[in-house]
Amino acid sequence: MPPSPDAKVATDPKNLPRVVVIGAGFGGLSVARGLNLAPAFVTVIDKTNHNLFQPLLYQVATAALAPSDIAVPVRGLFTDMPRVGTLMGEVEGVDTENKLVRVKGVPEIPYDYLVLATGSVYSWFGHDEWAEHAHVLKTLDQALALRSSLLAAFEWAESRTDPNEIRKLLTFVVVGGGPTGVEMAGAIAELAHSTLARDFRRIQPTWARIVLCEGGPGLLAGFPQHLSDYARRHLEDLGVEVKTGCQVDTVDRDGVIAGGERILSANVLWAAGTAATPVADWVGGQKGRGNAVMIDEHCAVIGQKDVYAVGDCTYMEHDGRRLPGVAPVAKQQGEHVAKVLMRRLIGEPLPPPFKYDDQGQLAMVGRSAAIADLGKVKMTGVIGWLLWSVVHLFFLIGARNRLTVYLNWVWAWITYGRGARLITSIRPETRQEFGYLDGIADHRAMLKVD
């Protein structure tokens, strides 16, 4: 006979202090794993049921990897950790006075200690209406939508006869010259100029125009100037038009107006800026730049009791500058919060204040080319690309994912091919705009070789 749902077991949260972690990214998982042996019950809440390796999300969007290659089910990560539970749900707010987390559609969840690890969202700089006309890249759904839109642009261009329409379909605009924008621009260029180059009969994918718009004076602002210059040269060698000092004034269904120029485009990718999720509003915390919640030297939310925060949603300075929104920061902060909570749970003094160990930064800029800033050591080209590959494989969760991604990279490097070139969904507004399956050119014209 199965046990009653009311039966008490050793891992029942009613018998232990309760730690609630909101977010199953790098930071949230580091907290939960670090508390595996703690005398507490940990609940990890996330809107999805998977952990996503966001640094490789752009490769899903450009058909180099499949979604399952960079994501793993969160629940499966804690199968052997009986004091860690998971909940898929959307957090709507926090009652810090009564220590309750409000989750849409379920009863309020009590906590003794709360950890916020919700990451960031894209900022539209006061123009939220632009979001309707541009792709962003934060979730698997968004990556798949972008992948389908990119591939569909080539498919539809093959069926069109109007040169202006073909030109618009084959123009891709990336807004933002940070790592995501640079990596996306390079990957789209390789997709058009290498992978798809021989697949079509009426159009030449090499006609594709890829425009990278950056409002600042150079690409990859956090990197040394000579590495930024290398990235620009390599992108231009791939056929990317790099426009720096180019402010975007409008994003609409026809493309963008940037630097005073109207660029007609069927695909605009927004990677220009981020803002923290609204955790500061949830807990009444102080806000830093980008609405990030301010935290102290132990990652505790300033002015709140028993509330901690890690990762992109936080504001903490290091050497006079805000810590960057990258995976190593979130991971190290998560590990530190786990140590702090463990000490508090067993009644021991707190560890020394958090200190970020900056191990450098990397960015891919195309096939067999990346840049690496490791402090005193700087790398470019193939050596930088090899280091980039090893680091990203190391941070991937799961041996299966590491092996699959490695084999995909080897295959792509040898053959210039990409495996997941499938159109799985098309946004309704895009379908309507380009008349998907309606009004296509005559079948004989489609087959005609010009």
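Threonine 380 sits in the loop between β26 (377–379) and α10. In this predicted model, its relative accessible area comes out at 34%, so threonine 380 is partly exposed. Once residues up to four places away in sequence are set aside, threonine 380 touches Leu227, Tyr230, Ala370 and Ile371. For one of these partners, alanine 370, the C-alpha to C-alpha distance to threonine 380 is 5.6 Å, with the two positions 10 residues apart in sequence.

Helix α10 itself covers residues 381–395, and phenylalanine 395 belongs to that helix. Phenylalanine 395 has a relative accessible area of 19%, which is under the 20% limit, and therefore counts as buried. The ring of phenylalanine 395 takes part in one of the nine aromatic pairs counted in the model. Its partner is phenylalanine 26, and the two rings meet edge-to-face, with 6.5 Å from centre to centre and 90 degrees between the planes. Phenylalanine 26 is in helix α1 (residues 26–34), 369 residues away from phenylalanine 395, so this pair ties together distant parts of the chain. The pairing goes further, too: Phe26, Phe53, Phe394 and Phe395 are linked by ring pairs into a cluster.

Moving on from helix α1, the loop between α1 and β2 (41–46) holds alanine 38. Alanine 38 is buried, because its relative accessibility is 0%. Leaving out neighbours within four places in sequence, the contacts of alanine 38 are Arg83, Met342 and Leu345. Lysine 331, on the other hand, is 19 Å from alanine 38, C-alpha to C-alpha, and 293 residues apart from it in sequence.

What about the nonpolar interior? The largest nonpolar core has 88 residues, and the members that touch the most others are Leu56, Ile70, Leu137 and Trp270. Helix α4 (residues 140–159) supplies the largest share of this core, with 11 residues. There is also a second, separate core of 59 residues, with Leu35, Ala300, Val340 and Leu341 among its members. Back in the largest core, leucine 137 is in contact with Leu57, Tyr58, Ala61, Tyr122, Gln142, Ala143, Leu146 and Met184, neighbours within four places in sequence aside. Tyrosine 122, one of those contacts, also has a charged companion: the charged end of lysine 138 sits over the tyrosine 122 ring, 5.2 Å from the ring centre.

Helix α4 also contains serine 159. With a relative accessibility of 4%, serine 159 is buried. A polar atom of the serine 159 side chain lies 2.9 Å from the backbone oxygen of tryptophan 156. Serine 159 and glycine 360 are separated by 201 residues in sequence and by 47 Å in space, C-alpha to C-alpha.

Strand β17 (residues 267–270) includes asparagine 267. This asparagine is buried, as its relative accessibility is 3%. The side chains of asparagine 267 and serine 149 are joined by a polar contact of 2.4 Å. Beyond neighbours within four places in sequence, asparagine 267 is in contact with His135, Ser149, Leu150, Ala153, Thr171, Phe172 and Val173.

Next comes the backbone. Most residues other than glycine have a negative phi. Alanine 63 has a positive phi, near 70 degrees. Alanine 63 is located in the loop between α2 (57–61) and β4 (71–73), and at 0% relative accessibility it is buried. Phenylalanine 125 is not a glycine either, yet its phi is positive at about 50 degrees. The loop between β10 (120–122) and α4 is where phenylalanine 125 is found. Is phenylalanine 125 buried or exposed? With a relative accessibility of 52%, phenylalanine 125 counts as exposed.

Finally, a word on confidence. The protein chain has an average pLDDT of 89, and 90% of the residues score at least 70. The pLDDT is below 50 over residues 1–11, a stretch with eight contacts in the model beyond near neighbours in sequence. Residues 435–450 also have a pLDDT below 50, and that stretch has 19 contacts beyond near neighbours in sequence.

Conventions: Residues are numbered from 1 along each chain as its sequence is written. This is a predicted model: local features need pLDDT of at least 70, side-chain atom pairs count only at pLDDT 80 or more; totals for chains, interfaces and linings use all residues. Side-chain values use heavy atoms; hydrogens and water are left out. pLDDT is the predictor's confidence in each residue, from 0 to 100. Contact means heavy atoms within 4.5 Å. Helices (H or I, at least four residues) and strands (E, at least two) are DSSP runs, numbered from the N terminus. Buried means under 20% relative accessible area, exposed over 50%, partly exposed in between (1.4 Å probe, protein chains only). A polar contact is a pair of N or O atoms within 3.5 Å; within protein, one must be able to donate a hydrogen and the other to accept it, and residues adjacent in sequence count only if both atoms are side-chain atoms. A nonpolar core is a set of buried Ala, Val, Leu, Ile, Met, Phe, Trp, Tyr and Cys residues joined through side-chain atoms within 4.5 Å. Rings of Phe, Tyr and Trp (its six-membered ring) pair if their centres lie within 6.5 Å; planes under 30 degrees apart count as stacked, over 60 as edge-to-face and the rest as tilted. A charge sits over a ring if NZ of Lys or CZ of Arg is within 6 Å of the ring centre and within 35 degrees of the ring normal.
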